[in-house]
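Visitor: Please take one part of this model and go through it closely. I would like to know what surrounds it and how the neighbouring pieces are put together.

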Amino acid sequence: MSDKETLILAIETSCDETAAAVVADGHVVKSSVVASQVNLHERFGGVVPEIASRAHVEKILPVVQEAMAQAKAMPDRIAAVAVANQPGLTIALMVGVTAAKALAWAWQKPLVAVNHIHAHFQSAMLEQPDVLELPAVALVVSGGHTSLYDAESCLDLRLLGKTIDDAAGEAFDKVAAILHLPYPGGPSIEKVAKEGNPKAVAFPRTLLDKESLDFSFSGLKTAVLYHVQGQDMKGENKVAAMSRQEIADIAASFQAAVVDVLVEKTRRAVARVGAKTVLIGGGVAANGALREAMEAMTTREGLALMIAPKRLCTDNAAMIASLAFYKYQAEQFAAMNLEPKATSD
Ligand code: KG4
Ligand code: ZN
């Protein structure tokens, strides 16, 4: 380990992963430890905040210790302690924020606060920092967020549009529940959809008729529910009686509707700001159909595309450390009275 490297220890507890990472110079991942709580939330079909918070309290110190040990980093070599303080479940964020403040205070290091959404598209640049052509349009598609940004730099972002109801990942999770597929819904729907016909059911492409760059996915989720339950919503969920092929067709058609909207809105955002590059991050960015469609669109439009590698799409602390490096360089430090925040600034 070179003495010239700037090492950042970052902590992430905004939802259902307890994560810590040590990253050098914003781009060399020395360690990235993620303790997933999926098995705790599975039977509820979604994240239960109280359970998430308690699991973070249990896991946070072992996860931080493991990240420091894997990186072979001693506290005196850490330049700053970073933490995702927004947006997310407040009682979950609170655990990471408190741990980061305690470590920064004990080690006498600066504290850096990171916006979790902004960090998601940092994961697209994490391993290839030098190929970014700006300005870029950044799309973050996760369980909690679906947002488009105009990015002049990783620290200079302007929100262009966001979901007005459900996030794309949330729609995947809810539709998976309707189709009796396992949680988390995104990977299960993707798997089943591989055997289905994406044109079998004409689900709505919401808000595509408007100029707005906002998204809406709750109507699509309701359309899937109507499809399996009948228009009056009094019918029974017929999934149990459906063939494997019928379920695969619904999954593929739903996935195609989400992908079409994400690709078309991103294309419009690019045209509006005159961007050269598209950056994509967040859990849903792991979806193969979305990755292929984005590749096709950016090739057609002559744009550079940077999508987070699949292993960095879902929540992790390496992306927090990477963005924190730039904030550290710009001396954008947080005060010791930093608080968690449910919504994004
Ligand atoms: O970014 P993330 O780990 O957490 C949030 O910040 O929300 O994203 C989790 C979301 C879940 O809704 C999950 O169903 C979705 O990402 N997801 C996927 C895939 N893998 C994860 N959605 C579609 N296709 C996937 N392969
Ligand atoms: Zn996330």
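Guide: Histidine 116 and histidine 120 are both buried. They belong to a predicted model, and each supplies its NE2 atom to the zinc ion (ligand 2). The remaining protein donor is Asp315, through OD, and the donors lie 2.0 to 2.1 Å from the zinc ion. The angles among the four donor atoms of the zinc ion run from 95 to 135°, and the site is classed as irregular.

Along the sequence, the donor residues follow the spacing H-x3-H-x194-D. The H-x3-H part falls within one helix: histidine 116 and histidine 120 are four residues apart in H4 (residues 116–125), so about one helical turn separates them.

Helix H4 itself is largely enclosed by the rest of the structure, because 10 of its 10 residues are buried. Among them, besides the two zinc-binding histidines, are Ile117, His118, Phe121 and Met125. The polar residues Gln122 and Ser123 are also on the buried list. At the N-terminal end of H4, asparagine 115 acts as the cap. One of the side-chain oxygens of asparagine 115 lies 2.8 Å from the backbone nitrogen of isoleucine 117.

Further along the sequence come three strands. Strand E6 (residues 136–141) pairs with E7 in the antiparallel sense over six bridges, and the two form a hairpin with four residues between them. Strand E7 (residues 146–153) has six of its eight residues buried, so it is mostly covered. On its other pairing, E7 is joined to strand E8 (residues 156–162) by six bridges, again antiparallel. E7 and E8 also make a hairpin, here with two residues between them. Tyrosine 149 of E7 takes part in both pairings: alanine 138 stands opposite tyrosine 149, and in E8 the bridge partner of tyrosine 149 is leucine 159.

Ligand 1 is the other bound group to consider. It has 20 residues around it, of which Gly143, Gly144, Asp173, Gly186 and Glu190 come nearest. Glycine backbones make polar contacts with oxygen atoms of ligand 1. For glycine 169, a backbone N or O atom lies 3.1 Å from such an oxygen. A polar backbone atom of glycine 186 is 3.0 Å from an oxygen atom of the ligand, and glycine 283 likewise places a polar backbone atom 3.0 Å from an oxygen of ligand 1. On its own, ligand 1 has 560 Å² of accessible area, and the protein covers 91% of it.

Conventions:
Residues numbered from 1 in each chain as written. Chains lettered and ligands numbered in written order. Predicted model: local features only at pLDDT ≥ 70, side-chain atom pairs only at ≥ 80, totals over all residues. Heavy atoms only, no water. Donors = N, O, S within 2.8 Å, 3.2 Å for Na, K, Ca; no water. Tetrahedral: all angles 85-135°; square planar, octahedral: opposite > 155°, others 65-115°. Buried < 20%, exposed > 50% of the residue type's maximum accessible area, 1.4 Å probe, protein only. Pairing = 2+ DSSP bridges. Polar contact = N/O pair within 3.5 Å; in protein donor to acceptor, adjacent residues only side chain to side chain. Near = heavy atom within 4 Å. Areas by Shrake-Rupley, 256 points an atom, 1.4 Å probe, with all protein chains shown as cover.
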